[in-house]
Structures are given as structure tokens and as C-alpha cells.
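Below are some short notes on the model, for you to check against the coordinates.

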Amino acid sequence: MTIGFAVKDDVFARDILSVAQLNQAVGQLLERSVPPIWVRGEVSNFTQAASGHWYFTLKDARASVRTVMFRSRAAAVGFVPRPGDEVEVRARVSLYEPRGDYQLQADAMRRAGVGNLYETFLRLKETLAAEGLFDPQRKRVPLRLPRAIGVVTSLHAAALRDVLSALARRAPQVEVIIYPAPVQGADAAARLAGQVAVASARQEVDTLLLVRGGGSIEDLWSFNDEALARAVAQCAMPVISGVGHETDFTIADFVADVRAPTPTAAAELACVARGDLLAELGHVTARLARAQQRRLDQAGQRLDRASAQLISPAQRLAHQRERLSTLRHRLASAALRPLAASGSRLTVLAQRLARRGPQTGRGLDRVQGLTRRLVRGQQALLAERRARLQALAAQLRALDPENTLARGYAVLRDAQGQVVSQAAALAPGEGVTIDLAQGRVSADITRIESSR
């Protein structure tokens, strides 16, 4: 390949240039004169900066050149090169002016010798992306606690052993169903797609793993098949893709619901570890026990408050006795109060009469007679009031429930605690409570006789 440079002598002979001006002029000359080109070489001194930019040297047996690939371009490569990899880069020639070093600015990269495969990969990727097969909104979240997990891979693949080992360690209770298919070869893609379709039709698993170990782009090419990609997109259950190493990307990774960096990671993403489930179950059990204890404590408090509000028949009778005693005392006080007032008034009148009345014997006799009549009247009135008081007291004693019970009577109450006064209010077999003068009896009704 021959590249011509158009250099004008007067650009450099016109003035005396500084080093910075010289490097700037050379850089502009290179950028204008050399179009973007594909360069093949071996990667060495590869560094991925914290910013995401790639810095490496591209070399062959006779020469080397520094190369930089900025983050926006590196994100579209689909793999991370390793020292010793043969790659082809599409780059622009430029000059790093601070050091005067000539370098390549890479815009694209592919593995050497597989340019056609990589271009096919990119075309299929663009087609499926345009159809929405990579849309994050169509991605499904695998079940957290699957009943069964399906694995689509080769029976002889190391990836299968890694998956089974990880599942046996993390979730031995989960059933594993294998859908065998070759992962490399002429008919591998079609058989992989067929097994994905079989798993989707049977629906005997909750999550499907599509796994294979690492390899070159040719080894992983079966997973870049369009039919397999559409089978994964149409699968009835979520699909986790674990193909190759962490830096390997296939079309199946973009279509799958979840992309795992390795087969082992796919198995770990498919289920929750049994130990984590047991720990979570322990936490839930402890929370349930605390909640149940709180409910029991609250119910106990409610029972205590309800019990405190209940009044037993004995307490009710005691309250009634206390009220009766208060009424008896008030009645006695009310009966004596008029007599005391009359006596006081009589004394006052006698004193006034003694002071103001004439001091005559006849008047004195008359006063004495009136006094005797007054005394007799007071005594008669007092006797009448005493008799009335005794009659009222006798009526109160007659109405006292305890006196009634003491005479042999009883208070009959039904199951609801209501006093029963008619036999028709009861039914045979019904339980009743009988309050006696001393104690209480529970009984059942066996026969009812009508009143005569």
C-alpha cells in the first residue's frame, strides 16, 4: 500500500517553529493526508484505564505502534482483548503532540482472520436490535424459587459439570433437567434452537440455562445463530445465557433475559442459595413468633380489662345493702328532725313567755296545763311517728332480698343471667343458676309444669 503526502516546503521554511508548533503541524498533516485504514497486529501492553479508555501497543515481527481506543468506541467491540491476541483495528493516524509520538486512534476492532464473521455478527445484532429483541422492557426476571431448572448444553461439556456442581451446592432441592445438544459444529446451532423449543413446549422447568465454556469466536459461533436467537426470544420461561468467559459476547447473550459472565454464574443467578433461604426462613419465623406474642399480650390485657369491668352478684347485693342502710339512716334522720325542731321552738316560746307573761298563779296554772298538754301531744306525736317508722322499717326488711332468701326463697336466673319469673320462659335441658341465702347452685331443667 502506497500513501502519498502533500507537503509544502514554504509551510516549514517561512518561520522558525517551536517544538509544539512543529508537532501540531505534523499532527494536522497526518490527519489530513492518511485516511482511516485497517491495521493487523498483536496486542501487547494492554491497559484499561479507570475512564474506560484502552491503551495498548499493536506490533508484528518487525515493528510496533502505540494505539488508543476511547471508551465510546471500546464499548461497541463486544470483547476485551488480551495480550497476545491477533486483532484488526480500523484506525486513524495521529500524533500525540505532548511527546511527539505517532499513534493510532482505533474506531473499531475485530479478531484477526474473522473479519467476515464479525461483520456478520454486527449485521445480525443490528437486525435483531431493530426488531426489539434486545429491548430491556421485554426481559423477564427469573423465579427466585424455581421448582426445576433446565440446562441446554452438551453432555460432555465442562460447563455442564460446573453448572451441576454449583446447583448441587446452592440448591440441592431443585430438580435439574438437561436438554442435550452439541455446542460446536455444523448443526450445533439448529440443535440448540430445537432443544430450547422443546423446553419451551414442555414447560417442565421454571428457568432455562443456555451455557457453554469459553473459546474463540469460531467456537462460540453457534450462539450467534439467528434461529437460536429467535427461539430464546420466544421461549415460554426466562432464559439465562452463560456462554464463554466474562469478556465474550454472543447474540444469545443479548436476546436472553439475563446474561451471566460464566456458566457457573448462570447457575448462581438461577436460584437462591439454600443457606440464604434457611436464614431468611429463620428471620421470618422469629418475626412471626414476636408478632404472635404481641397478639397474645394484647389479648391478655383486653381480658384483664374486661374482667375488671364485671360485677359479681355478691358485689351487686353488697352495693344494694349499702344503699339500703343509707336510706334507713336518712329516713330515721328525717323522722327525728321535726321533733327536734318543735322541741327547740317550744323551749324558745317558753322562755319568751316566762320573760313577758304576767306573774300570776292562774296564768301559771294555765301555762302548766298547756305544758302538760303539749308534752302529751309531743309524746302522742312521737309515738305516732315511732309507730310509722317501725312500719316503714318492717316494709324495708320485707323488701330486703337477703331476708327473702333467708326465709327459704331463691332467685332463679337463666343462662344469660336474667331473673326468671315464669316457668314458660324456660325449656327442658336449659341450664339455670339458683342464688340462695348462702351460695349459688347450677342446675338443668328437666320438667316444666304450668301454673294452676
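Against which element do the buried residues of α2 pack?

1. The buried residues of α2 pack against β4 (86-96). This is a predicted model, in which local features need pLDDT of at least 70 and side-chain atom pairs pLDDT 80 or more, while totals for chains, interfaces and linings use all residues. Residues are numbered from 1 along each chain as its sequence is written, and side-chain values use heavy atoms, without hydrogens and water.

2. Helix α2 spans residues 19-33, 15 residues in all, and reaches 21 Å from first C-alpha to last, close to the 21 Å expected at 1.5 Å a residue (1.5 Å times one less than the number of residues). Helices are DSSP runs of H or I with at least four residues, strands runs of E with at least two, numbered from the N terminus.

3. N23, G27, L29, L30 and S33 are buried in α2 (under 20% relative accessible area, against over 50% for exposed and in between for partly exposed, with a 1.4 Å probe and protein chains only). They lie on the same side of α2 because they cover an arc of only 160° around the axis, taken from the directions from the axis to the C-beta atoms. The face turned away from this buried side carries the exposed residues A20, E31 and R32.

4. A410 sits in the loop between α13 (401-406) and β11 (411-413). Its relative accessibility is 44%, so A410 counts as partly exposed. Leaving out residues up to four places away in sequence, A410 touches L405, I434, D435 and L436 (heavy atoms within 4.5 Å). A410 and L436 are 26 residues apart in sequence, yet 5.1 Å apart from C-alpha to C-alpha.
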